[in-house]
Amino acid sequence: MKGVLLSGGTGSRLRPITHTGPKQLVPVANKPVLEYAIEDLKEAGITEIGVILGNKGRDEIQELLGDGSKYGVDITYIVQGNPLGLAHAAGCARDFVGDDDFVMYLGDNILKSGVTDLVESFEAGDYGAGIALQEVEDPQAFGIADVDDEGNVTQLIEKPDDPPTNLALIGMYVFSPAVFDAIEGLKPSWRGELEITDAIQDLLEDGYEIDSHVVTGWWKDTGKPEDILEANRLVLEDRELKTSGVVEDGAETDGRIELAETAVIEDGAVVRGPVSIAENTTIKRGTYVGPYTSVGANSTLEDIHIENSVVIGDSEITANGRIVDSLLGRGANVGSAKELLPEGRRLVVGENSQLKL
Amino acid sequence: MRIITHTCPACGTVVAANELERNRVMKCPGLGCQEVLRFEDLSEDAREHFREHWDRYQI
């Protein structure tokens, strides 16, 4: 079994964060989203991984993952270039995959339970493909699978008006090499892409059985800022958090706090977990860091009240105010305008930024 | 749709034909690899197929 990890896409819904890097490298609980996928594949016993690169962030992704040895896996890079659809991405991996089965994992997705159960379910039978499903409240908004009593998929329907089930496809698949012939037979859809659901439908029509696995834990597509915050909350809720850094006397801490070895919570600061604070970051006197916040490396926080937020890193946040439900890009600084005249806020805001003042 | 790729002989990075066609001659996108890749590295059959169906490989 091999892994194919999709890391293309423009990240347009995450602008301006993605103006300077790919969406798969946005950190959740101070770890790039893509690393969760690598770890999930490794946990499922998959150590040969093809990473599909699009037109954006190729060098950054290769710099992070390298040859995979630091994760105990072997990585091959596959440059898809134009985003011609998930089936095109899979097709580009044909030479890499060879005659093996493979898991296809969307690199901007995180799921609590990993892919081990999906892989084991697929391997227990003789299937052309296996798909991960999750129950959703609004099936009209998703690609939906109809399944029989044994869990075999009988039909896939894209955003149905009258959904037969509430089981949505969540972007985790296992394929036999038979999918490559199905992909060869596809034509681009109305949006100019080769659709993976069309390839699965063709496998069904060619007589292959399609396994389904219903994912019960949480799953997040981290495509939008609010999704990053939600994923950050879910991961902090679940992950074991270890305090290795310095908590000075007089600092008030409560709950689970991940504090990197070189991070400091100074006297007079208040931190309430679950929180993650990365290396070389200092939480200074007068600061409140509230639950579900991750502060990236090389940052200084002073006088601010911040909660349910992600600070990616290399930031100075020293304003006396409250920041909630926010995503701050790398190197973003928030200072005080208190002493400045004329009175008012001073902003240098990039394209596609969103501010609520 | 036929998906055509080429594997860099130096580092093993796989490159889709649309990427090769767009650049014609390019440095391998594998980080640190100095190999030069060309659209002409594809087989004649693959190049002909790509040219005949060029529009399918654009977005």
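Two strands count as paired here if DSSP finds at least two bridges between them. Strands themselves are DSSP runs of E with at least two residues, and helices are runs of H or I with at least four, both numbered from the N terminus. With that in hand, let us walk through this model. It is a predicted one, in which local features need pLDDT of at least 70 and side-chain atom pairs count only at pLDDT 80 or more, while totals for chains, interfaces and linings use all residues. Residues are numbered from 1 along each chain as its sequence is written, with chains lettered from A and ligands numbered from 1 in the order in which they are written.

**Strand E8 and its partners**

A good place to start is strand E8 of chain A, residues 129-135, where six of the seven residues are buried. A residue is called buried if 20 or more other C-beta atoms lie within 10 Å of its own, exposed if 12 or fewer do, and partly exposed in between, with C-beta atoms placed from the backbone. E8(A) is joined to strand E12 (residues 210-214) of chain A by five bridges, in parallel. E8(A) also pairs with strand E11 (residues 167-175) of chain A, this time antiparallel and over six bridges.

The table collects one residue pair from each of several strand pairings, including one across the two chains.

| Residue | Bridge partner | Strand of the partner |
|---|---|---|
| A:Gly130 | A:Val174 | E11(A) |
| A:Leu133 | A:Val214 | E12(A) |
| A:Val79 | B:Val15 | E2(B) |

A:Val214 sits in strand E12 of chain A. Is A:Val214 buried or partly exposed? A:Val214 has 16 C-beta neighbours inside 10 Å and therefore counts as partly exposed. Although A:Val214 and A:Leu133 are 81 residues apart along the chain, their C-alpha atoms are separated by 4.6 Å. Contacts are defined by C-beta atoms, placed from the backbone, that lie within 7 Å of each other. Leaving aside neighbours within four places in sequence, A:Val214 is in contact with A:Leu133, A:Gln134 and A:Leu167.

**Two domains in chain A**

The domain assignment of chain A gives domain 1 (2-221) and domain 2 (240-328), with bounds that come from an automatic or database assignment. The centres of the two domains, taken over C-alpha atoms, are 35 Å apart. Four residues from domain 1 and six residues from domain 2 take part in the contact between them. On the domain 1 side, three of these residues are nonpolar, one is polar and none is charged. For these classes, Ala, Val, Leu, Ile, Met, Phe, Trp, Tyr, Cys and Pro count as nonpolar, Asp, Glu, Lys and Arg as charged, and the others, Gly among them, as polar.

An unreviewed UniProt entry lists residues 2-236 of chain A as "domain: Nucleotidyl transferase". UniProt positions are given in the numbering used here, feature names are shortened, and annotations may be inferred rather than shown by experiment. Over residues 2-236 of chain A, helix makes up 29% and strand 28%, and the end C-alpha atoms are 29 Å apart.

**The five-strand sheet**

Chain A also has an open, parallel sheet of five strands in the order E14-E17-E20-E23-E26. Strands E14 (246-247) and E26 (316-317) stand at the edges with a single partner strand each, so one side of each is left without a neighbour in the sheet. Within the sheet, two bridges join E20 (residues 282-283) to E23 (residues 300-301) in parallel, and A:Thr282 stands opposite A:Thr300.

A:Ile317 belongs to strand E26 of chain A. A:Ile317 is buried because 23 other C-beta atoms lie within 10 Å. Not counting residues up to four places away in sequence, A:Ile317 touches A:Leu301, A:Ile304, A:Val311 and A:Val334.

**Chain B and the interface**

Chain B has two helices and four strands, running β-β-α-β-β-α from the N terminus on. Its radius of gyration, 11 Å, is close to the 10 Å that the globule rule gives for 59 residues, so chain B is as compact as a globular protein of that length. This radius is taken over C-alpha atoms, and the rule is 2.2 Å times the number of residues to the power 0.38. Buried residues make up 31% of chain B.

How many residues does each chain bring to the contact? Chain A supplies 26 residues and chain B supplies 20. On the chain A side, helix H2 (58-65), strand E5 (74-79), helix H3 (86-92), helix H4 (94-97) and helix H6 (178-184) each supply at least two residues. That side divides into eleven nonpolar, eight polar and seven charged residues. Strand pairing crosses the interface as well: two bridges join E5(A) to strand E2 (residues 14-16) of chain B in parallel.

Definitions and conventions
Contact = placed C-beta atoms within 7 Å.
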